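Reader: I am new to this structure. Please take one part and walk me through it closely.

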Amino acid sequence: MKRRELLLYGAAGLIANTLAPISAATTREAATPMLRTKLGHIAGYVDQGVNVFKGIRYGADTAQYRFQAPREASNWDGVYEALQYGAAAPQPSINEAISEDCLFLNIWTPGIRDNTKRPILVYLHGGEYSTGSGSDPLYDGINLCRRGDVVVITLNHRLNVFGHLYLGFLDANKYRCSGNAGLLDIVLALKWIKENANEIGGNADNVTLFGQSGGGAKIASLMAMQEAHGLFHRAMTMSGQQITLSGPRAAANRTQAYLSGLKLQPTDVKSLLSLPMEQIIQATKAHDPALAGRNIYFGPVLDDVVLQQHPFYPEAPAISRHVPMIIGNTHDETRFFYGKDDSLFTLSWDELPRRLSEAMYVDISVDKVIAAYLNHYPEYSASEVFFAASTAGRSWRGAIIEAELRAQQRAPAYVYQLNFPSPDDDGRWRACHTLDIPLV
């Protein structure tokens with residue numbers, strides 16, 4: 001198992017006695033639940049008394065319209081067997097099948113067509129806007145269904161270059177939405193959910209988006225998106241914020257850097273469309289022209305079409321003022337990102353300024369930061385200052401900005417901080433990034 005999986009399952013083990021267990025192997029019961037949608041019938045299975053449908057197609061194969069807005073799936077004959085997860089979005093490394101045909105969602109529900117109108121919880125996976133899928137075992141919805149009598153849904157959507165390559169400056173007609181195609185995929189999924197809410201035992205007027213890391217950032221972006229207005233009614237973000245978007249100039253520069261990495265001309269979209277998926281993914285490893293030391297960042301774009309304002313700058317979006325929002329973080333976020341580096345746990349005070357400057361997301365004097373921490377926490381070691389200051393600069397700042405702007409707006413907002421520490425590796429991880437996932 002990956003270190004991340006060990007970390008998370010280790011934390012989950014501490015609370016296993018208080019939750020219904022996740023079965024190691026799915027136990028399928030005899031009944032075959034059936035959904036009746038306008039596209040056709042969908043067969044699932046029953047696991048621990050919960051109706052499960054995996055890999056339901058909510059959109060057509062995106063390979064047919066690469067970098068364009070999603071399109072609704074076509075009708076099918078017979079019965080669609082939703083018994084296993086669909087393909088994940090194309091990405092550099094994942095232990096799942098990947099394909100441009102990736103617009104699938106998964107449903108866990110205690111009832112079907114029973115007019116119970118359960119709350120619907122839609123989880124958006126993390127991995128920035130670049131990696132991940134809704135098929136991770138940590139996102140299995142059975143426990144939430146059994147504990148809370150709710151409908152749980154996860155989904156896949158386009159990521160990285162496929163979901164956020166900005167081409168609108170090259171073709172303002174055909175590719176006007178390309179910088180936000182991945183977010184439009186989520187909107188299409190939410191429309192499918194609204195249309196079929198009663199069928200899956202849920203309430204179309206009580207849809208909650210929740211997500212961690214990149215999933216939380218997606219939610220913040222959707223709160224500023226006119227096309228998503230009215231499709232969800234509550235929002236819960238876990239260690240994931242989105243204050244500003246890539247502006248059109250920065251997004252265009254990233255597109256040019258990406259095309260250059262493919263050895264294509266700056267305007268050669270036609271060749272880009274004919275390249276195989278694998279080659280397009282490989283080229284995402286080119287260096288970002290604005291963010292030093294990382295691959296090209298592909299995320300939502302202020303394109304004045306899909307997104308006409310930043311999510312939380314200069315103010316919180318008015319169109320989602322009525323949506324209650326939970327904003328959360330963990331106490332020791334960056335131990336997840338830097339915790340594999342043993343040298344960071346034995347830092348000297350002489351080494352701290354250089355190492356902290358490399359990790360800071362805020363352009364501020366590190367000497368000033370270190371002095372402030374020592375004033376407030378004189379007992380901290382150099383390593384503890386590193387993790388605390390890098391967490392404050394990288395993770396907490398966005399959460400505080402969002403909460404303050406919601407407060408100024410007099411909009412319903414709630415804030416949490418997870419202090420619960422992981423016991424793994426003698427406690428070195430503490431309450432790190434991702435630790436709230438197994439607790440949920």
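Author: What follows is a close look at one helix, set within the whole chain.

This is a predicted model. The part to look at is helix α4, which spans residues 181–195. Start with the setting, then move in.

The chain has 14 helices and 13 strands. Its radius of gyration is 22 Å, close to the 22 Å that the globule rule gives for 440 residues, so the chain is as compact as a globular protein of that length. Along the principal axes, the C-alpha atoms fill a box of roughly 70 × 60 × 45 Å. Buried residues account for 55% of the 440. Contacts reach far along the sequence. Take those between residues at least 6 apart: 76% of them join residues at least 24 apart. The exposed surface comes to about 19300 Å². Carbon and sulfur atoms supply 50% of that surface. As for charge, there are 40 positive and 44 negative side chains. The centres of these two sets lie 4 Å apart.

Now the helix. How many residues does α4 have, and what distance does it reach? It has 15 residues. From first C-alpha to last it reaches 21 Å, close to the 21 Å expected at 1.5 Å a residue.

Is α4 largely enclosed or largely open? Buried here means under 20% relative accessible area. By that cut-off, 12 of the 15 residues of α4 are buried, so the helix is largely enclosed by the rest of the structure. The buried stretch includes A181, G182, L183, L184, D185 and I186. V187, L188, A189 and L190 are buried too. So are W192 and I193. An α-helix has 3.6 residues a turn, so residues three or four places apart point the same way.

Go to one residue of the helix, A181. At 0% relative accessibility, A181 counts as buried. What does A181 touch beyond four places away in sequence? The partners are Q68, P70, R158, F162 and G163. V301 is another residue to locate from here. A181 and V301 are 120 residues apart along the chain, yet their C-alpha atoms are separated by 10.0 Å.

For a second view of burial, leave the helix for D101. This residue sits in the loop between β6 (79–81) and β7 (104–109). At 17% relative accessibility, D101 also counts as buried. Leaving out residues up to four places away in sequence, D101 touches R57, A60, D61, T62 and A87.

Key
Residues numbered from 1 in each chain as written. Predicted model: local features only at pLDDT ≥ 70, side-chain atom pairs only at ≥ 80, totals over all residues. Heavy atoms only, no water. Helix = DSSP H or I, 4+ residues; strand = E, 2+ residues; numbered from the N terminus. Rg over C-alpha atoms; globule rule 2.2 N^0.38 Å. Buried < 20%, exposed > 50% of the residue type's maximum accessible area, 1.4 Å probe, protein only. Contact = heavy atoms within 4.5 Å. Areas by Shrake-Rupley, 256 points an atom, 1.4 Å probe, with all protein chains shown as cover. Lys, Arg positive; Asp, Glu negative; His and termini not counted. Charge placed at Lys NZ, Arg CZ, Asp CG, Glu CD. Expected span 1.5 Å × (residues − 1).
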